[in-house]
Each structure stands twice: as structure tokens, then as C-alpha cells.
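This briefing is about a sheet and a pocket. Please look at the sequence and the model before reading the points.

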Amino acid sequence: MNHDDLLSVPSPVVSVNGLGKVFGTFDPSMIERTGPTTGTARDAFSGSIVAAWDVNFEVAAGEALGIVGESGSGKSTVLRCIAGDQPATTGDVRFTCHEEGTVNVLRLDPATRRRLRIDKLSVVYQDPAEGLALGVTAGGNIADPLTAAGWRNFGRIRSRAAELLERTEVPLDRMDDIVRNFSGGMRQRVQIARALANNPAIVLLDEPTTGLDASVASGVLDLVRRLLEELDLAVVVVSHDFSVIEMLTQRCIVMQHGRVVEEALTDQLLEDPQHSYSQKLVAAARA
């Protein structure tokens with residue numbers, strides 16, 4: 001690799017190093033008693049669950065990384081540790097932002113971490129009820145992160161909310177409707193609009209189309225793909241559905257029983273998976 005090649009390599013916005021999460025009492029010996037080789041994430045001696053262990057990856061601006069695996073593989077646990085919804089047991093999660101430089105978010109005090117969630121990091125949850133106030137209007141849901149970031153002018157807030165709803169294909173005549181009255185697909189679009197309110201550098205998507213009808217899910221995926229192409233975001237997509245991973249990501253990691261068993265370019269993984277578990281998942285997806 002020459003000097004020009006080195007200069008062209010994008011710097012990571014998100015760096016996850018040795019991330020681990022154990023539910024229950026931790027004992028180092030349980031690591032050898034859990035994982036793909038033993039076929040379980042639950043330690044037989046303590047009953048603790050090693051939900052994720054020694055997870056490592058980087059994501060650059062303009063890149064989407066997928067985390068794929070069956071239910072219980074640990075993929076959503078990793079995302080929730082990055083987001084701060086769950087405390088990690090071990091490891092580092094570093095964000096690089098222009099204003100703050102590089103920070104280890106797992107070491108931030110709660111107030112600073114909340115501020116990071118307002119300005120730099122957004123999450124789109126599988127269940128919109130986790131990411132939205134269902135008793136508030138669509139416009140009000142978008143106004144909330146804007147006011148938290150310091151916006152005070154009502155006209156500017158409403159204009160920004162309208163811009164985001166239009167961008168996510170929510171009819172503007174529904175801006176003042178209560179979100180509880182929206183369909184699942186429309187709620188998910190409002191949640192995406194809210195997630196983009198403050199131009200975050202990092203967006204985490206947790207099973208963004210699970211539970212939606214196929215036609216509705218397809219529309220949401222098309223929307224997310226267009227937004228990812230337009231915006232210079234670092235994105236992590238968690239899904240058990242390879243069609244979602246294939247549509248949205250360039251690289252992905254495969255998790256089984258809390259461990260990463262394979263990492264590859266998405267198209268390479270789908271064409272020639274190397275690990276037996278990845279082969280099983282791909283075969284099931286192609287069936």
C-alpha cells in the first residue's frame with residue numbers, strides 16, 4: 001500500500017474493541033464454558049449468560065456494517081451496549097467526532113453520554129414504542145431531540161420537522177396526528193425522521209423491519225437505503241434477515257452464542273460463507 005492509498009483509507013467513526021456483556025455474576029472461567037464450541041451462551045455452573053464476548057469492529061463514515069445471527073446470538077446486546085441502553089461488562093467503544101475528537105463512550109459520565117445521544121448517536125429500534133412517545137404527535141416527536149439540542153425557535157423547529165417527515169415520506173398533513181394512531185410502517189418512518197433530527201454521525205438500526213408486512217418492510221428498506229446513500233453516516237444494522245443485511249450493508253459480522261464467528265464483505269459472505277454456522281444461515285435465507 002502506497003502513501004496515497006493510506007491517505008484514502010477512511011478513519012473509523014466507531015471502533016468497538018473487546019466488547020463483552022455478561023448477564024449475571026462474571027467468572028473468567030465461564031468464557032471457556034460458553035460460546036459456539038459448547039453450543040450455549042449460558043454457563044452451566046453459574047447460570048450467567050455470556051451474551052457477547054470479545055466483539056471487535058470498526059465503521060467509517062459513509063459505511064454500513066451488518067451484525068447478523070439468530071435470536072440469542074448477541075447481536076442486539078452489542079448494539080444496546082454501544083447505544084448505552086445496557087452497561088458493558090468489558091471492552092471499549094470509541095466514537096470519533098470532529099468537535100470532541102475520540103472518546104470512549106463506555107467511560108463517559110451519564111450526563112455526557114446523554115448529550116452524545118442527542119447530538120451524535122441515534123438508534124432506530126425494532127419496536128417504535130422504544131424510540132417514540134406514542135402519545136405525542138409526529139412533529140412533537142421530532143421536536144423533542146431538537147429542543148434537547150438547544151433549538152428554541154418554534155418556526156425553525158416546525159420547519160425542520162416538516163423537512164424530515166417529507167424526507168421519510170410521512171404525509172405532512174399527518175404532522176400533528178398522534179403517533180399511536182399511525183400504522184407500524186408509518187411509526188417506523190417517524191422514528192427514522194426523529195433519529196436524523198440533529199444530523200448524527202452514527203445511526204444504529206435494530207431489526208428495523210421486523211414485524212412489518214413484506215410490502216411495508218420493503219418500502220422502509222428502500223427509504224433507509226436512499227438515506228444512507230445521501231448522508232455521510234456510520235451505520236450499524238442488526239438483523240436476523242439476510243435480505244436486510246444484503247440491501248443495506250457493505251460488510252457484516254456473524255454472531256453465534258455471543259461470539260463473532262465470521263467477518264466478511266457482505267456479498268462475499270452471501271456467495272461463499274466460510275464458517276459452518278454462516279453457511280447454515282445463508283442456506284436458510286436462500287431456501
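The points below cover the sheet, the helix on the sheet, and the pocket. The model is predicted. It has an open sheet of four strands, and its largest pocket has a volume of about 370 Å³.

**The sheet**
- Strands of a sheet pair through backbone hydrogen bonds, and the pairing can be parallel or antiparallel.
- Here the strand order is 2-1-4-5, with antiparallel pairing.
- Strand 2 (49-60) and strand 5 (101-104) are at the edges with a single partner strand each, so one side of each has no neighbour in the sheet.
- From one strand to the next, the twist averages 15°.

**Strands 1 and 2**
- Strand 1 (residues 12-23) pairs with strand 2 in the antiparallel sense over eight bridges.
- Val-22 stands opposite Val-50, which belongs to strand 2.

**The helix on the sheet**
- Helix 2 (residues 75-83) packs on the sheet and touches strand 1, strand 2 and strand 4 (90-97).
- The direction of helix 2 makes about 115° with that of strand 1.

**The largest pocket**
- Rolling a probe the size of a water molecule over the atoms shows where empty space is left.
- The lining of the largest pocket consists of 18 residues, and those nearest its centre are Arg-117, Leu-121, Ser-122, Pro-145 and Arg-194.
- Two or more lining residues come from each of helix 3 (110-119), strand 6 (121-124), helix 4 (128-131), helix 5 (138-148) and helix 7 (184-195).
- Sorted by class, the lining has nine nonpolar, four polar and five charged residues.

Technical notes
Residues are numbered from 1 along each chain as its sequence is written. This is a predicted model: local features need pLDDT of at least 70, side-chain atom pairs count only at pLDDT 80 or more; totals for chains, interfaces and linings use all residues. Side-chain values use heavy atoms; hydrogens and water are left out. On a 1 Å grid over the protein atoms alone, a cavity is a set of points where a 1.4 Å probe fits but cannot get out, and a pocket is an open set with protein on both sides within 12 Å along at least five of seven lines; lining residues have an atom within 4 Å of a point. Grid points are joined across faces, edges and corners, and a volume is the space filled by probe spheres set on the points. Ala, Val, Leu, Ile, Met, Phe, Trp, Tyr, Cys and Pro count as nonpolar, Asp, Glu, Lys and Arg as charged, and the others, Gly among them, as polar. Two strands pair if DSSP finds at least two bridges between them. Axes are lines fitted to C-alpha atoms, for helices over the stretch in contact, and angles run from 0 to 180 degrees between N-to-C directions. Contact means heavy atoms within 4.5 Å.
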